[in-house]
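User: Please take a close look at one part of this model, chosen by you, and explain with care how it sits against its surroundings. A few other places may then be set beside it for context.

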Amino acid sequence: MGFPNSYVRGSTILTVEQLPDSRRAILVALKQRGSATISQLAALLGLTGEAVRQQLVQMHRDGWIESGADRSAERGRTGRPAARYLLSQAGDHLFPKQYDALSIAVLDAVTEKLGAEAATKVLERLVDGKVAALEPAMRGLSLTERVATLKSWYLDDDPFMSTEEAGDGYRLVERNCPFLNTAMGRPMLCSISVNALTRLLGVRVEREERFQNGDGRCVFRIQAGEPVDVDNWTFEPESFRSR
């Protein structure tokens, strides 16, 4: 999982505060009202209807808003109902969120109330989900082909993920971890990737570079010469030591 492309541009995650004034004003109005027509937005913001329409067209293309017929407001009128606009899921993500803090709080609560073993079971379940999602597309592929498919490990067509040959194996290099804030706070979460990659590839995988160590990237070393028994694989928490 990762960030929808509609609000990730290059290496920058956009926020509503970074947008041009008119576009930001429209999004804030939709956030506050829930939905609105072009005429309502124009009156509220002191803009012409055409100016609002042009902004809405572009934001619809970006995936930030959705539209539907305003049947309640137009009841009793003839002709085509006016469209109402509202934020899409991606548009709502332009506003501040606290997912990182929530993820850490949930993991800490599980550990505190149920114990470290329970927290490990949660991570193991997340590994199972990642493997189940990717394994069908990798059946019948060679190790080289499977490694190549992992360039979409976090995001489809991820421009910041690359692979390279390394001795008798490979390196999977990630320069833009979408879960960085959470991973920096709780490095044990990275055990999910190490274990899932090992099970999908059928060989030992280790992290040899880490964002947590100030390396500016994560590098997963794929040990082609060290096969593992994936049918009897058990979750192994990653051994982590900061520099």
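Analyst: Two residues are said to touch, or to be in contact, when they have heavy atoms within 4.5 Å of each other. With that term fixed, a first example is serine 162, which lies in strand E6 (residues 161-166) and which, once residues up to four places away in sequence are set aside, touches Lys151, Arg171, Leu172, Val173 and Arg175. One of these partners, valine 173, is 11 residues from serine 162 along the chain, and the two C-alpha atoms are separated by 5.2 Å. The model is a predicted one, and the protein holds nine helices and nine strands. Of its 243 residues, 37% are buried, and among the contacts between residues at least 6 apart in sequence, 59% join residues at least 24 apart.

The part I have chosen for the close look is helix H5, residues 99-114. Its 16 residues should span 22 Å at 1.5 Å a residue, and because the C-alpha atoms at its two ends are 22 Å apart, the expected and the modelled span agree. The buried residues of H5 are Ile104, Leu107 and Val110. These three cover an arc of only 125° around the axis, so they lie on the same side of H5, whereas Leu102, Glu112 and Lys113, on the other side, are exposed. The cover over the buried residues includes helix H6 (116-138) and helix H8 (180-185). Just after H5 comes glycine 115, with a positive phi of about 100°.

Of these covering elements, H6 can be described further. Its axis and that of H5 are 6 Å apart, and the two helices pack at an angle of about 140°, so the pair counts as oblique. On the H5 side the meeting residues are Leu107, Val110, Thr111 and Leu114, and on the H6 side they are Ala116, Ala118, Ala119 and Val122. By class, this contact has seven nonpolar residues, one polar residue and no charged ones. Leu107 and Val110, which take part in it, are also among the buried residues of H5.

A second helix pair may be set beside this one. Helix H1 (residues 21-33) and helix H3 (residues 49-62) pack at an angle of about 80°, with axes 10 Å apart, and are therefore roughly perpendicular to each other. Ser22, Arg23, Ile26 and Leu27 of H1 meet Val52, Gln55, Leu56, Gln58, Met59 and Asp62 of H3, and the residues of this contact divide into five nonpolar, three polar and two charged. Arginine 23, in H1, counts as buried because its relative accessibility is 17%, a value under the 20% cut-off. Beyond its neighbours within four places in sequence, arginine 23 is in contact with Gln55, Gln58, Met59, Asp62 and Trp64.

Finally, cysteine 218 belongs to strand E9 (residues 218-227) and, at 7% relative accessibility, is likewise counted as buried. Apart from residues up to four places away in sequence, cysteine 218 touches Leu172, Val173, Glu174, Arg207, Glu209, Arg210 and Phe211; Leu172 and Val173 also appear among the residues touched by serine 162. Cysteine 177, for its part, is 41 residues from cysteine 218 in sequence, and their C-alpha atoms are 8.0 Å apart in space.

Terms used. Residues numbered from 1 in each chain as written. Predicted model: local features only at pLDDT ≥ 70, side-chain atom pairs only at ≥ 80, totals over all residues. Heavy atoms only, no water. Helix = DSSP H or I, 4+ residues; strand = E, 2+ residues; numbered from the N terminus. Expected span 1.5 Å × (residues − 1). Buried < 20%, exposed > 50% of the residue type's maximum accessible area, 1.4 Å probe, protein only. Arc of directions from axis to C-beta. Axes fitted to C-alpha atoms, helices over the stretch in contact; angles between N-to-C directions. Parallel < 35°, antiparallel > 145°, perpendicular 65-115°, else oblique. Nonpolar A, V, L, I, M, F, W, Y, C, P; charged D, E, K, R; others polar.
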